[in-house]
Amino acid sequence: MDKKTEDKQEKTGKLYVIGVGPGASDLITVRAARILSELDVIYAPTGKKGAKSLAHSIIEEYLLPETNVFTYHFLMKADIAAKNAVWDEVAHSLKEEVLNGRKVGFITLGDPMLFSTWVSLLQRLVLNQMVIPPWLEIVPGITSFSAIAAASTMPLSMENQTLAVISCTASEAVLEQTLLNHDCLVLMKVYSHFPLICNLLQRHNLLKHALMMADATLPSEQCWRNLATQPFSEEDLGHKLSYFSTILINKNWQLSR
Ligand SMILES: C[S@@+](CC[C@H](N)C(=O)[O-])C[C@H]1O[C@@H](n2cnc3c(N)ncnc32)[C@H](O)[C@@H]1O
């Protein structure tokens, strides 16, 4: 190997995409904790400009004091062009860091491969590459719905039962068909779609098999077991629900009140 290639190889850093779990700091993997304690820099997402990143607060205790933290604002409601501009910039910056030999962490809530903004970056970073780049490692995390199933003792699928995971941003027709087709369901991104979901569950007599949890494993966690028995106020109907709210349904499981 000539000196130039050797220098380049030595210089290449690594990008670790780390799932930080649903919220509690001790619900991250041992591998994630080890990698977090070795990073030069981490990229932490925040949904609101200037606000602290939830993902960062989950893993703060594992970082070295000298690890740089770069908080970027990912646009949830902007148009596609504005979102693309942010992703292009972050992807470019991540690649630069890696080429400069740094150990970079990109943290994301839950698991990085499930409904994660990380996938917008993945498409940019490995676009047209037939092989996984050696400088990239994805560290899985505990998804929100596994944590909710555990905390609420609601099993998700046994034997031949089917499980669907769907975002409530899907159309009413798709949501209804999915509700009818599966034994168990995870409904993510409930927030403003809550009234529609309640109507669908009522129409198909499924409220009694559904539970909702908001801010699972965080100090603000709330659980509504058996949605048939919950007196929801107008406030709850969408507007005041935490963005981190998920509904689990198991048609073969009886829920207590
Ligand atoms: C962009 S997705 C991120 C999913 C994440 N990658 C995962 O593995 O859970 C955001 C949705 O995940 C769910 N979610 C994430 N964290 C949650 C939590 N702590 N409690 C309840 N739901 C949560 C909510 O449905 C929220 O709208």
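Visitor: At roughly what angle do the axes of helix H4 and helix H5 cross?

Guide: Keep in mind that this is a predicted model. Find helix H4 at residues 80-99 and helix H5 at residues 118-125. Their axes come within 9 Å, and they cross at roughly 60°.

Visitor: Is the crossing of H4 and H5 left-handed or right-handed?

Guide: Look at how H4 passes H5. The crossing is right-handed.

Visitor: Which residues in H5 does H4 meet?

Guide: Start on the H4 side, with Trp87, Asp88, Val90, Ala91, Leu94 and Lys95. By class, the contact of H4 with H5 has 6 nonpolar, 1 polar and 3 charged residues. On the H5 side, the residues met are Ser120, Leu121, Arg124 and Leu125.

Visitor: H4 also lies across some strands, so to speak; which ones?

Guide: H4 runs at about 145° to S4. S4 belongs to an open sheet of 5 strands with parallel pairing, in the order S3-S2-S4-S1-S5. From that sheet, H4 lies across S1, S2, S3 and S4.

Visitor: Which are the edge strands in the sheet with the order S3-S2-S4-S1-S5?

Guide: An edge strand here pairs on one side only. Going from one strand to the next, the twist averages 20°. The edge strands are S3 (68-73) and S5 (136-139).

Visitor: Which residue in S4 stands opposite Val41?

Guide: Strand S2 covers residues 41-46 and strand S4 covers residues 103-108. The two pair in the parallel sense over 3 bridges. Opposite Val41 stands Val104.

Visitor: Now for the other sheet: why is one side of S6 and of S9 left without a neighbour?

Guide: This open sheet has 5 strands in the order S6-S7-S10-S8-S9, with mixed pairing. Its neighbouring strands are turned by 15° against each other on average, direction ignored. S6 (163-167) and S9 (222-224) stand at the edges, so one side of each is left free because each has a single partner strand.

Visitor: Which residue in S10 does Cys184 stand opposite?

Guide: Strand S7 spans residues 184-188. S7 and S10 run antiparallel and are joined by 4 bridges. The residue opposite Cys184 is Asn250.

Visitor: Which helix lies across S6, S7, S8, S9 and S10?

Guide: Look for a helix at residues 144-152. That helix runs at about 60° to S10. Its name is H6.

Visitor: Let's zoom out: how far apart do the C-alpha centres of domain 1 and domain 2 lie?

Guide: The chain is divided into domain 1 (12-142) and domain 2 (145-250). Their contact takes 6 residues from domain 1 and 8 residues from domain 2. On the domain 1 side, those residues divide into 5 nonpolar, 1 polar and no charged. The C-alpha centres of the two domains lie 28 Å apart.

Visitor: Which residues are closest to the ligand?

Guide: The ligand is surrounded by 23 residues. Each of domain 1 and domain 2 gives at least three residues to this shell. The closest are Gly110, Thr143, Ser144, Met188 and Ala216.

Visitor: Which elements give two or more residues to the shell around the ligand?

Guide: By class, the shell has 12 nonpolar, 8 polar and 3 charged residues. The elements giving two or more are strand S8 (210-214) and strand S10 (245-250).

Notes
Residues numbered from 1 in each chain as written. Predicted model: local features only at pLDDT ≥ 70, side-chain atom pairs only at ≥ 80, totals over all residues. Domains from an automatic or database assignment. Contact = placed C-beta atoms within 7 Å. Nonpolar A, V, L, I, M, F, W, Y, C, P; charged D, E, K, R; others polar. Near = placed C-beta within 6 Å. Axes fitted to C-alpha atoms, helices over the stretch in contact; angles between N-to-C directions. Left-handed = near helix turned anticlockwise from the far one by under 90°. Pairing = 2+ DSSP bridges.
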